[in-house]
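Please look over the sequence and the structure below. A short report on the fold follows.

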Amino acid sequence: MLEDVRLLLELQDIDYWIGELERSKEYIPDMMNNLKKEMEEVAEQLKDSREKLKESRIESQNLELKAAEAKEQLEKYQEQMLTIKTNKEYDALVNQIETIKADIAADEERYLILLDDIDELEKSIGELEIKDKGIQKENQERLGSLQHEIDSVADKMEKKVAHRQTLKAKVPRQVMSIYQRVRKGRGGDVVVQLKRGACGACYKSQTPQKIQEIKKGDKLQICDSCGRILMWDGDN
Ligand SMILES: [Zn+2]
């Protein structure tokens with residue numbers, strides 16, 4: 001392999017990693033935010049459910065008190081029935097009894113719903129507590145390793161850039177300018193392997209003569225179509 005091609009391959013590998021490090025400065029904080037959001041959401045759900053449970057318990061206790069009072073009142077009305085003198089009084093009392101019975105029935109219905117709700121909430125709080133514990137532990141660990149990763153980006157970047165400088169100094173200026181032009185204009189790899197007689201990047205077929213030249217590897221070979229540097233891959 002031509003020394004210049006070998007150097008460029010090394011260079012493009014470094015450029016790939018520099019690009020990855022740059023991207024990680026964006027996606028690592030994103031990932032960290034998502035993990036934090038997930039933790040907050042579960043904690044929020046748990047808090048909501050606990051509040052609802054508290055409210056339902058208070059409401060059910062109030063209904064118990066109200067039911068006791070209503071039953072007492074009903075008994076009083078029923079006692080009054082025995083001492084009634086006029087039809088008018090009788091009608092009024094029957095009305096009051098019916099009203100209070102209807103209230104008691106509605107409250108009982110509501111009370112049963114609340115008991116079901118309390119049951120459900122207790123169950124889901126138990127499940128949420130387990131989920132919350134798991135997510136807190138798992139996400140904290142992942143946040144720790146992501147923090148470590150982002151803390152090391154600058155250091156890794158510095159090493160890659162220094163290595164790049166050393167390599168760049170070894171590459172002839174003319175070759176370097178081809179590399180930089182293609183990298184800037186096309187992006188991705190600049191040195192590509194020949195694949196079944198075609199450029200490995202743009203798939204333009206190369207002439208048999210050019211293929212022979214690439215195989216010989218004593219001169220830099222450029223794809224006419226995309227401008228990338230072509231190299232022999234050994235077999236194809
Ligand atoms: Zn090409």
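## The sheet

Strands β1 and β2 pair in the antiparallel sense, over two bridges. Two strands count as paired if DSSP finds at least two bridges between them. Strands (E, at least two residues) and helices (H or I, at least four) are DSSP runs, numbered from the N terminus. This is a predicted model: local features need pLDDT of at least 70, side-chain atom pairs count only at pLDDT 80 or more, and totals for chains, interfaces and linings use all residues. Residues are numbered from 1 along each chain as its sequence is written.

Within the pairing of β1 and β2, Lys-195 stands opposite Ala-198 in β2. The two strands form a hairpin with two residues between them. Arg-196 lies in the loop between β1 and β2. Its phi is near 45°, a positive value in a residue other than glycine. Most residues other than glycine have a negative phi.

Strand β1 covers residues 191-195 and also pairs with β4, this time in the parallel sense, over three bridges. Here Val-192 stands opposite Leu-230 in β4. Strand β4 (residues 229-231) in turn is joined to β3 by two bridges, and these two strands run antiparallel. In that pair, Ile-222 stands opposite Ile-229 in β4.

What order do the strands take in the sheet? The order is β2-β1-β4-β3, in an open sheet of four strands with mixed pairing. Strands β2 (198-199) and β3 (221-222) stand at the edges, each with a single partner strand, so one side of each has no neighbour in the sheet. Strands of a sheet pair through backbone hydrogen bonds, either parallel or antiparallel.

## A second positive phi

Tyr-203 is in the loop between β2 and α4 (208-216). Phi of Tyr-203 is near 65°, a positive value in a residue other than glycine.

## Two helices that cross

Two packed helices are described by the angle between their axes and the distance between the axes. Helix α1 spans residues 3-81, and helix α3 spans residues 173-186. Their axes come within 11 Å and cross at roughly 35°. Axes are lines fitted to C-alpha atoms, for helices over the stretch in contact, and angles run from 0 to 180 degrees between N-to-C directions. The crossing of α1 and α3 is right-handed. A crossing is right-handed if the near helix is turned clockwise from the far one by less than a right angle, and left-handed if anticlockwise.

Which residues of α1 and α3 meet? Asp-4, Leu-8, Leu-11 and Asp-15 in α1 meet Val-175, Tyr-179 and Arg-183 in α3. A contact means that the C-beta atoms of two residues, placed from the backbone, lie within 7 Å. The residues of this contact divide into four nonpolar, no polar and three charged. Ala, Val, Leu, Ile, Met, Phe, Trp, Tyr, Cys and Pro count as nonpolar, Asp, Glu, Lys and Arg as charged, and the others, Gly among them, as polar.

## Residues along α1

Leu-7 is in helix α1. Leaving aside neighbours within four places in sequence, Leu-7 is in contact with Leu-167, Lys-170 and Val-171. Leu-7 and Leu-167 are 160 residues apart in sequence but 6.8 Å apart in space, C-alpha to C-alpha.

Ile-18 is in helix α1 too. With residues up to four places away in sequence not counted, Ile-18 touches Met-157 and Lys-160. The C-alpha atoms of Ile-18 and Ile-118 are 100 residues apart along the chain and separated by 56 Å.

Leu-21 is also found in helix α1. On the same terms, Leu-21 touches Val-153, Lys-156, Met-157 and Lys-160.

## Buried or exposed

A residue is buried if 20 or more other C-beta atoms lie within 10 Å of its own, exposed if 12 or fewer, and partly exposed in between; C-beta atoms are placed from the backbone.

| Residue | C-beta neighbours within 10 Å | Class |
|---|---|---|
| Leu-7 | 20 | buried |
| Ile-18 | 16 | partly exposed |
| Leu-21 | 16 | partly exposed |
| Arg-196 | 9 | exposed |
| Tyr-203 | 12 | exposed |

## Domains

The domain assignment of the chain gives domain 1 (20-155) and domain 2 (177-231). Such bounds come from an automatic or database domain assignment. The centres of domain 1 and domain 2, taken over C-alpha atoms, are separated by 67 Å.
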